[in-house]
Amino acid sequence: MGLENVVSKDLAIVLYDQVTHECDILHALGRPATIDRACLALLGEFTLGRFATGDNDLSVTLHLDGDTLQRGTGQRELELHAGSFEWFRASTGRRSRRQIDTMDWRGDRSAIDALFTSLFSPAVDDVVESW
């Protein structure tokens with residue numbers, strides 16, 4: 001589908017911010033997040049584009065709920081098999097370093113830091129949410 005064919009970059013940023021804080025509020029209220037699959041697919045593409053294409057020599061492939069996304073042409077190859085909700089929340093600093101490390105990563109695990117220090121740092125403590 002391609003994010004650029006669905007929403008503008010500015011609208012993608014607004015969507016990212018709105019869904020991030022909606023999930024934060026629902027978590028604080030003890031209620032499960034309810035994000036539809038199409039929205040999560042867009043957010044997965046947006047976050048990978050923002051965090052994996054910097055000057056970090058990465059080539060990142062995400063396998064999220066049956067979708068495969070790839071960005072970067074660097075020498076440091078990294079692959080993740082995960083749920084799109086977990087990737088999204090990790091990319092917003094809503095997962096701890098321990099939680100991120102236990103995700104199903106393959107390849108150059110030392111490259112994980114480059115994904116999670118560009119904008120948001122991992123949470124100090126584990127964050128467990130209903131989904």
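Two strands count as paired if DSSP finds at least two bridges between them. Keep that in mind for the exercises below, and remember that this is a predicted model.

**Exercise 1. Work out the sheet.**
Task: find the order in which the four strands sit, and say which strands stand at the edges.

Solution.
- Start with strand 1 (58-64) and strand 2 (67-71). Five bridges join strand 1 to strand 2, and the two run antiparallel. As a check on the register, look at Leu-62: its bridge partner in strand 2 is Leu-69.
- Now try strand 1 with strand 3. This pair is parallel and holds over seven bridges, with Val-60 opposite Leu-78 in strand 3.
- Next comes strand 3 (residues 76-82) with strand 4, an antiparallel pair over four bridges. Here Leu-80 has Trp-105 of strand 4 as its bridge partner.
- Put the pairs together and you get an open sheet in the order 2-1-3-4, with mixed pairing. Strand 2 and strand 4 (104-107) each have a single partner strand, so they stand at the edges, with one side of each lacking a neighbour in the sheet.
- To finish, the twist from one strand to the next averages 15°.

**Exercise 2. Look into the hairpin.**
Task: which residue takes a positive phi in the hairpin of strand 1 and strand 2, and how many residues lie between the strands?

Solution.
- Two residues separate the strands of this hairpin.
- The positive phi belongs to Asp-65, and its value is near 50°.
- For another positive phi, go to the spot just after helix 3, where Gly-93 takes about 80°.

**Exercise 3. Classify the helix pairs.**
Task: for each pair of helices, decide whether the two are oblique or roughly perpendicular to each other.

Solution.
- The cut-off you need is that angles of 65 to 115 degrees count as roughly perpendicular.
- Take helix 1 with helix 2. They pack at an angle of about 110°, with axes 10 Å apart, and are therefore roughly perpendicular to each other. Their crossing is left-handed. Helix 1 brings Ala-12, Ile-13, Leu-15, Tyr-16 and Val-19 to the contact, while helix 2 brings Cys-39, Leu-43, Phe-46, Thr-47, Arg-50 and Phe-51. Sorted by type, that's nine nonpolar, one polar and one charged.
- Helix 1 with helix 3 comes next. The angle is about 100° and the axes are 11 Å apart, so this pair is roughly perpendicular as well. Tyr-16, Val-19, Thr-20, Cys-23 and Asp-24 of helix 1 meet Phe-85, Phe-88, Arg-89 and Ser-91 of helix 3. The split is five nonpolar, two polar and two charged.
- That leaves helix 2 (residues 37-51) and helix 3 (residues 84-91), whose axes come within 9 Å and cross at roughly 40°. They are therefore oblique to each other, and the crossing is left-handed. From helix 2 you'll find Leu-40, Leu-43, Gly-44, Thr-47, Leu-48 and Phe-51, set against Ser-84, Phe-85, Trp-87, Phe-88 and Ser-91 in helix 3. Those residues divide into seven nonpolar, four polar and no charged.

**Exercise 4. Place the helices on the sheet.**
Task: which strands does helix 2 lie across, and which does helix 3 lie across?

Solution.
- Helix 2 lies across strand 1 and strand 2, and runs at about 20° to strand 2.
- Helix 3 lies across strand 1, strand 3 and strand 4, at about 135° to strand 1.

**Exercise 5. Buried or exposed?**
Task: how many of the eight residues of helix 3 are buried, and what is the relative accessible area of Asp-17?

Solution.
- A residue is buried when its relative accessible area is under 20%.
- In helix 3, the residues that pass are Ser-84, Phe-85, Trp-87, Phe-88, Arg-89, Ala-90 and Ser-91.
- That makes seven of the eight, so helix 3 is largely enclosed by the rest of the structure.
- Now turn to Asp-17, which lies in helix 1 (residues 9-28). Asp-17 has a relative accessible area of 42%, so it is partly exposed.
- One more look at Asp-17: its C-alpha atom is separated by 18 Å from that of Leu-115, a residue 98 positions away along the chain.

Conventions. Residues numbered from 1 in each chain as written. Predicted model: local features only at pLDDT ≥ 70, side-chain atom pairs only at ≥ 80, totals over all residues. Heavy atoms only, no water. Axes fitted to C-alpha atoms, helices over the stretch in contact; angles between N-to-C directions. Parallel < 35°, antiparallel > 145°, perpendicular 65-115°, else oblique. Left-handed = near helix turned anticlockwise from the far one by under 90°. Contact = heavy atoms within 4.5 Å. Nonpolar A, V, L, I, M, F, W, Y, C, P; charged D, E, K, R; others polar. Buried < 20%, exposed > 50% of the residue type's maximum accessible area, 1.4 Å probe, protein only.
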